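Please look through the sequence and the model shown below before reading on. The report that follows begins with a term needed for describing helix packing, and then turns to the chain, a helix pair, a ligand and a single residue.

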Amino acid sequence: MSRNPIIVTRHLSHIYLSGQLQKKALHDINLEIAQGSCVAIVGVNGSGKTTLVQHFNGLLRPTEGTVLVDGIDVSAKGVDLRELRQRVGMLFQLPETQLFGRTVFEDVAFGPRRMHLSRREVRSRVSQWRPAQTSCASRCIGDVTGGFGAGRSLHGS
Ligand SMILES: Nc1ncnc2c1ncn2[C@@H]1O[C@H](COP(=O)(O)OP(=O)(O)O)[C@@H](O)[C@H]1O
Ligand SMILES: [Mg+2]
């Protein structure tokens, strides 16, 4: 048991679909991840890594069990997913698929706008990201690379 866990799962199970198509992807997972630690979740294809991680910002809800992220019970009814997702970023395997704005600025501004910030605050937050301080900001999003997409995703939008 770690002294200061930031993520805790208790008896976490996840079942996709139902009936004949039912698939148990996670079965009774109990884990604790200590604050400040760097953890790799390793397993063969289809072993449930993505399913597990998607519980950490409420993209998936447990079929059974609980998930606590910095004390927030992700499985609870009425949990503020917006707040949770401002704290738990998720970088997908193919960052290019997350780029959907018309320009780099528009794309990076998506997250701050979803937080209902003022236009001024959105501009300020976008400009804190170094690539957006250059002429890059007005470029068409389709022209940027996967590495750029990964950076933008990590920026939190
Ligand atoms: N949306 C889904 N619907 C039904 N089954 C799924 C879905 N996503 C994943 N699965 C199944 O759940 C299991 C775990 O998948 P996944 O979490 O993607 O594993 P990993 O990320 O380790 O490759 C696999 O058997 C996969 O086929
Ligand atoms: Mg996966």
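## A term for helix angles

Angles under 35 degrees count as roughly parallel, those over 145 as roughly antiparallel and those from 65 to 115 as roughly perpendicular, while the rest are called oblique. Two packed helices are described by the angle between their axes together with the distance between those axes.

## The chain as a whole

The model is predicted, and its protein chain contains five helices and four strands. Followed along the sequence, these elements are arranged in the pattern β-β-α-β-β-α-α-α-α.

Of the 157 residues in the protein chain, 15% are buried. Among the contacts in the protein chain with a separation of 6 or more, 56% are accounted for by residues that lie 24 or more positions apart.

## The pair α3 and α4

Helix α3, which spans residues 104-114, and helix α4, which spans residues 119-127, have axes that come within 9 Å of each other and cross at roughly 120°. An angle of roughly 120° falls outside the ranges for roughly parallel, roughly perpendicular and roughly antiparallel, and α3 and α4 are therefore oblique to each other. The crossing in which α3 passes α4 is right-handed.

On the α3 side, the contact is made by Phe105, Val108, Ala109, Pro112 and Arg113, and on the α4 side by Glu121, Val122, Arg125 and Val126. Sorted by class, this contact of α3 with α4 has six nonpolar and three charged residues, with no polar residues.

## The surroundings of ligand 1

The residues around ligand 1 are Tyr16, Leu17, Lys23, Ala25, Gly43, Asn45, Gly46, Ser47, Gly48, Lys49, Thr50 and Thr51. The elements that give two or more residues to this shell are β2, covering 23-34, and α1, covering 49-53.

Helix α1 supplies the largest share of the shell around ligand 1, namely three residues. By class, the shell around ligand 1 is made up of seven polar, three nonpolar and two charged residues.

## Glutamine 86

Is glutamine 86 buried, exposed or partly exposed? This residue, which lies in helix α2 (residues 81-87), has 14 other C-beta atoms within 10 Å. A buried residue would need 20 or more and an exposed one 12 or fewer, so glutamine 86 is partly exposed.

Glutamine 86 can also be placed relative to glycine 111, from which it is 25 residues apart in sequence and 8.8 Å apart in space, taken from C-alpha to C-alpha.

Methods. Residues numbered from 1 in each chain as written. Chains lettered and ligands numbered in written order. Predicted model: local features only at pLDDT ≥ 70, side-chain atom pairs only at ≥ 80, totals over all residues. Contact = placed C-beta atoms within 7 Å. Axes fitted to C-alpha atoms, helices over the stretch in contact; angles between N-to-C directions. Left-handed = near helix turned anticlockwise from the far one by under 90°. Nonpolar A, V, L, I, M, F, W, Y, C, P; charged D, E, K, R; others polar. Near = placed C-beta within 6 Å.
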